[in-house]
Amino acid sequence: MTNHVIKASNLVKVYPKGLRALDDISMAVYKKEVLVIMGPSGSGKSTLIRTFNGLEAFNSGKLEVVGIPLDSAYNERNVREIRKRVGMVFQQFNLFPHLSILENITLAPIQVQKCKRIEAEEDAIHLLEQMGIAQQAMKYPSQLSGGEQQRVAIARSLALKPDLLLFDEPTSALDPERVHEVLDVMRTLAGNGMTMVVVTHEISFAKEVADRVLFMDSGKVIETSTPDTFFSNARHQRSRKFLNQIEK
């Protein structure tokens, strides 16, 4: 593979009390690839994915996202440029409760990209149709289920026409019966060639959709492999122990 969308070299992130959340991380994500990041709680998964759009600064190392460099100096202009081209979907939906669903989706295109309102609204309705919730456009977040709100959050990220989508445990706050609604949307995005980095414990999704699985523990990348290899014949003992625990 060529054409990396993310390239990290020797990233180190140390929290004030000395915890090394990222310990010499080097990795890459390639165009149209789906990379799933797995690992136990506290392994550094969320810290790593949050560095990719500047939500977490790091102490040393180099990072390039959609061709834009970041380093420990934390260049705010570069962070802003990255965020215009990288969408992120969080565990919590982070929708504005006082705005309608349509307004939540059109806010960034209108304010950041200076799109005309009518064009932004047409795009938003099209995205909501793709999510299967166009009928909810004029409602408010509190009137939607968790699965519907997360699909709105995905539509909001797509409204900026990103080169890359980041998902930080997007189903962990959902009722079990709503999880499939969000995973189905993510499967469709992957099938359409969207470059995605996904932090998740959803094994079935990782097996079906991921091109590669990256396993982390204690701030380190323990191994990176195809889903077939990782789930059937993980190379590292720590990986096998983790899989045994979550598959019970």
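**Exercise 1. Classify R178 and E181 by accessibility, then describe their pairing.**

Step 1. R178 has a relative accessible area of 31%, so R178 is partly exposed. The classes are: buried under 20% relative accessible area, exposed over 50%, partly exposed in between (1.4 Å probe, protein chains only).

Step 2. E181 has 14% relative accessibility and counts as buried.

Step 3. The two residues form a salt bridge, with the closest N and O atoms 2.8 Å apart. The term requires a side-chain nitrogen of Lys or Arg within 4 Å of a carboxyl oxygen of Asp or Glu.

Step 4. Both residues sit in helix 6 (residues 176–191); they are three residues apart, so about one helical turn separates them. Helices (H or I, at least four residues) and strands (E, at least two) are DSSP runs, numbered from the N terminus.

The model is predicted: local features need pLDDT of at least 70, side-chain atom pairs count only at pLDDT 80 or more, and totals for chains, interfaces and linings use all residues. Residues are numbered from 1 along each chain as its sequence is written, and side-chain values use heavy atoms, with hydrogens and water left out.

**Exercise 2. Place E56 and R50 in their salt-bridge network.**

Step 1. Their side chains meet in a salt bridge at 3.7 Å, N to O.

Step 2. E56 is buried, at 15% relative accessibility. R50 is partly exposed, at 26% relative accessible area.

Step 3. Salt bridges with shared partners join K13, R50 and E56 into one network.

Step 4. The structure holds 13 salt bridges.

**Exercise 3. Which parts of the chain does the D123–K161 salt bridge link?**

Step 1. The closest N and O atoms of D123 and K161 are 3.1 Å apart.

Step 2. D123 belongs to helix 4 (residues 117–131). K161 lies in the loop between helix 5 (146–158) and strand 7 (164–168). The partners are 38 residues apart, so the pair links distant parts of the chain.

Step 3. D123 is partly exposed, with a relative accessible area of 35%. K161 is exposed, at 58%.

**Exercise 4. Analyse the two faces of helix 2.**

Step 1. Helix 2 covers residues 76–85, and its buried residues are N78, V79 and I82.

Step 2. Viewed down the helix axis, these residues fall within an arc of 100°, so they line one face of helix 2. The arc is that of the directions from the helix axis to the C-beta atoms.

Step 3. The buried residues pack against strand 4 (60–65), strand 5 (68–71) and strand 6 (86–89). Contact means heavy atoms within 4.5 Å.

Step 4. Exposed residues E76 and R77 are on the face turned away from the buried side.

Step 5. N75 caps the N-terminal end: a side-chain oxygen of N75 lies 3.0 Å from the backbone nitrogen of R77.

**Exercise 5. Describe the overall fold and the annotated span.**

Step 1. The protein has nine helices and 10 strands.

Step 2. Its C-alpha trace spans about 50 × 45 × 40 Å along the principal axes.

Step 3. A compact globule of 248 residues would have a radius of gyration near 18 Å; the protein has 18 Å, which agrees. The radius is taken over C-alpha atoms, and the globule rule is 2.2 Å times the number of residues to the power 0.38.

Step 4. Buried residues make up 51% of the 248 residues.

Step 5. Among contacts between residues at least 6 apart in sequence, 65% join residues at least 24 apart.

Step 6. An unreviewed UniProt entry annotates residues 6–243 as "domain: ABC transporter". UniProt positions follow the numbering used here, feature names are shortened, and annotations may be inferred rather than shown by experiment. The span is 39% helix and 25% strand, and its end C-alpha atoms lie 27 Å apart.

Definitions and conventions
Polar contact = N/O pair within 3.5 Å; in protein donor to acceptor, adjacent residues only side chain to side chain.
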